[in-house]
Amino acid sequence: MICTTIQNKTAEQILQALEQCEMAEIRLDRCELSTREVEDVFTSDVPLVATCRIADVMRTEPSLQDESLTAQSREVKAMQIAERRLVRAIEAGARYVDVELEAPKQMSKRVRNAAHENGTIFIRSYHDFEGTDSLEALKAIVEKCIYHGADMVKIVTTARSQEDVQRVMSLYGWFRNEVKDLPEGSLIAFCMGEEGRQSRLDCLKYGAPYTYAALSEEESAAPGQWPAEELRKAVYGGFGFINSEALQMPVSKSFAQRAIIAAALADGISHLKGYTPCGDNEAALQVARNLGAEVSVDGTSLTIKGIAAHLGSMGADEYTLHVGESGLLTRMMIPLMTQLCQGPVHFTGEKTLLGRPLTGAKEILEAFDARIIREDDEAPVCVPLTATGPLKAGRAEISGKHGSQLISGLLMALPFAERNSSLIVHEPKSIPYMFITLEVLKKFGIRIGNDMLGGRDFLESDGDWSLCTEMVFKVKGGQKYKAADIDLEGDWSAAANFLVAGAIFGKTELQGLDTTSLQADLSVMDILMDAGASLSQLDGDTGNITAQRAPLKAFSVDASNCPDLFPIISVLAAFCHGTSRLAGVGRLANKESDRAKAILEMLNQMGVKASIEGDEMVIEGHTLTHRLLTGNMLKGGAYTSHHDHRMVMALKVAALGADSPIVIDDEACVSKSFPDFQQTFETVASSD
């Protein structure tokens, strides 16, 4: 990326200049800003570097020009002013703070502490305006910067010859292969002067997260600095960046399907607001109607008159229920129907659902004395199938390693039992989705107690889901669902694709989301922040969310609790400098496709080096800037979605960074979760 240095400007002029910048360095030693103006500037969505050189403060600060001040007192006051300005910028939202290596130790420590408390990246920088030292001396300077707390190191020297430039550029290979204290992408090194001019561009090829440019030829901050517009042309050429208007996200089908079924079971009339149709949601509405509920749709509002369900309320006749293509709906309804129907229930489905193993279904039902009837006990449990019940109340222990959906079905069904039940889930996965179930049930009058258990690491983590080893649910029998009026949440699974697109390729703004949501895929916000993306939200927890380009670096994440994110975060990893590790591959086998295999095939076809090591997907990525400068864009061509809606969305985002069009064999399958995805995405793809 290109970081434009802004100096000698008023706050108003800085804000105007930022409209043309993808990233900027604010020289607080050369811009006279009040405390309020610092806050105004550094709340910008543009990633900003706060810089305040002590020597420049001594030269420009009027209060330090008093001739009665001793040299020592002037330096102390300059240090205090620089520290105060940098900390203000950090607290206001600076993405990076740059402190010169020569700065006093205590000042540097205080600024570093403020940076780490506020999530700001701490840069230690070294500048040589006279020349370029030996390679060994430069390496020692890098190591000194790291020793003094750097999250990122910046080395800038003056080149008198191309040999000087080569020594500085060789730092990248040494840093990548020998330095273990900081990850790849944590070094910025280039040269000043005419001899070093080209290195300001070439450093991006070597792995620098960004380089520096001047607002204009006349406003250069150092010898050899390119004007921003000239550098933009050299780096990006005619590449089109996205910049979307506010995009409305669809309803979360995880919430919608649970709420629709709960409303169908309830006694009375429920109103669900914020509904948007998709294949899985429409299948849930049809199931509600088949149960006997009265359903009407008025725009984005659903009115559902429930059946006042109770144990055995649907009679003893054989029953057939069609669940469409929805795995969640299938797994919810199997336990529920064994409670409602006194006879056997036949489940039918369509498309990718047919043949998808319902791993663990047999064992989970048998734990409560219900059964899945099949001719071949050795064959995987798949739709179509037949189940009989009822669930026998009591205490049971089950494995949660195959996911949460059948467990959610149990939690919805056990309240109908005549007596109380205890459910112990070992090795729970997709824990957030269990909490979504509990939240929806609570709205419809069902109360279930729960405890999360784990070892010392879990206790010390203050409830980190990934460290939970056991969940205990206490379910009171004889409960009844009561009608409710609720607002359905926007879908973080869909939003993830647009947020990643903005973080890599420009800027996107989304509406209709709640950052206090229990949805597992809200984790995309944490993942993007770990990768270095710029995210912001105004007007509270439900305000619009903006994702904007920033220097991206490799990340590690355990996605066991949010497996639907795998396709799109694998694309994100392809555009992050370094090696990213995505744990939780084992959760991908029984989705709409064998997702692990599908993602690996997609990445390798695109020219991205990726592999699976145990339960981790390992992806070697490069920034968009690096790919553009080296001609290493993703490879276009004919791709298969494996009839998986998540793969379609990920492929569409990846296509924004491909060297030729990506043609997908089946795009229609996206209607399963987001029928308007194509139309919404086209507004993004054409917004440059």
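S404 counts as buried, because its relative accessibility is just 4%, and buried means under 20%. You'll find S404 in the loop between β17 and α14 (405-413). Setting aside neighbours within four places in sequence, S404 is in contact with K429, S430, Y433 and M434. Keep in mind while you look around that this is a predicted model. The rest of this briefing goes through other buried spots, then charges, then the backbone.

**Other buried residues**

- N497 is another one to look up: it's found in helix α17, which covers residues 492-505.
- With a relative accessible area of 5%, N497 is buried, since the cut-off for that word is under 20%.
- What is N497 in contact with, leaving aside its neighbours within four places in sequence? The list is I568, M649, A650 and V653.
- S534 sits in strand β23 (residues 534-537), and its relative accessible area of 13% makes S534 buried too.
- S534 has these contacts beyond its neighbours within four places in sequence: D45, P47, R95, T546, A547, Q548, R549 and A550.
- If you'd like a distance to try in your viewer, take S534 and R200: their C-alpha atoms are separated by 23 Å, and the two residues are 334 apart along the chain.

**Salt bridges**

- How many salt bridges does the structure hold? The count is 29.
- One of them joins the side chains of K154 and D98, at 3.7 Å from N to O. This pair links distant parts of the chain, with K154 in strand β6 (residues 152-158), D98 in strand β4 (residues 96-100), and their positions 56 residues apart.
- Are K154 and D98 buried or exposed? Both of them are buried.
- The side chains of D564 and R646 also meet in a salt bridge, again with an N to O distance of 3.7 Å. Here too, distant parts of the chain are linked: D564 is in the loop between β25 (556-558) and α19 (566-574), while R646 belongs to helix α22 (residues 645-655), 82 residues apart.
- D564 is buried, and R646 is as well.
- E397 and R395 form a salt bridge through their side chains, at 3.1 Å from N to O.
- In that pair, E397 is partly exposed, with a relative accessible area of 43%, whereas R395 counts as exposed at 60%. The two get different labels because exposed means over 50%, and partly exposed covers the range from there down to the buried cut-off.
- Salt bridges can link up as well: R27, D29, R30, D56 and R59 are joined in a network of them.

**A negative patch on the surface**

- Which residues gather in a patch of negative charge on the surface? They are E163, E194, E195, E217 and E218.
- E194 is a handy one to find in that patch, as its place is in the loop between β7 (187-192) and α8 (199-206).
- E194 has 63% relative accessibility, so it counts as exposed.

**Backbone details**

- The peptide bond from V383 to P384 is cis, with omega near 10 degrees. P384 has its place in the loop between β15 (371-373) and β16 (385-388).
- There's a cis peptide bond from G389 to P390 too, with omega near 5 degrees. P390 is in the loop between β16 and β17 (395-399).
- H642 isn't a glycine, yet its phi is positive, at about 55 degrees. To locate H642, go to the loop between β29 (637-639) and α22.
- H643 isn't a glycine either and has a positive phi, near 60 degrees. H643 lies in the loop between β29 and α22.
- How open are these two histidines? H642 is partly exposed, with a relative accessible area of 25%, and H643 counts as partly exposed at 43%. Both get that label because their values lie between the buried limit of 20% and the exposed limit of 50%.

Methods: Residues are numbered from 1 along each chain as its sequence is written. This is a predicted model: local features need pLDDT of at least 70, side-chain atom pairs count only at pLDDT 80 or more; totals for chains, interfaces and linings use all residues. Side-chain values use heavy atoms; hydrogens and water are left out. Patches are made of residues with over 30% relative accessible area and no salt bridge: like charges are joined within 9 Å, nonpolar side chains (Val, Leu, Ile, Met, Phe, Trp, Tyr) within 5 Å. Accessible areas come from the Shrake-Rupley method with a 1.4 Å probe; for residues, only the protein chains shown count as cover. A salt bridge is a side-chain nitrogen of Lys or Arg within 4 Å of a carboxyl oxygen of Asp or Glu. Lys and Arg count as positive and Asp and Glu as negative; His and the chain ends are not counted. The place of a charge is taken as NZ of Lys, CZ of Arg, CG of Asp or CD of Glu. Helices (H or I, at least four residues) and strands (E, at least two) are DSSP runs, numbered from the N terminus. Buried means under 20% relative accessible area, exposed over 50%, partly exposed in between (1.4 Å probe, protein chains only). Contact means heavy atoms within 4.5 Å.
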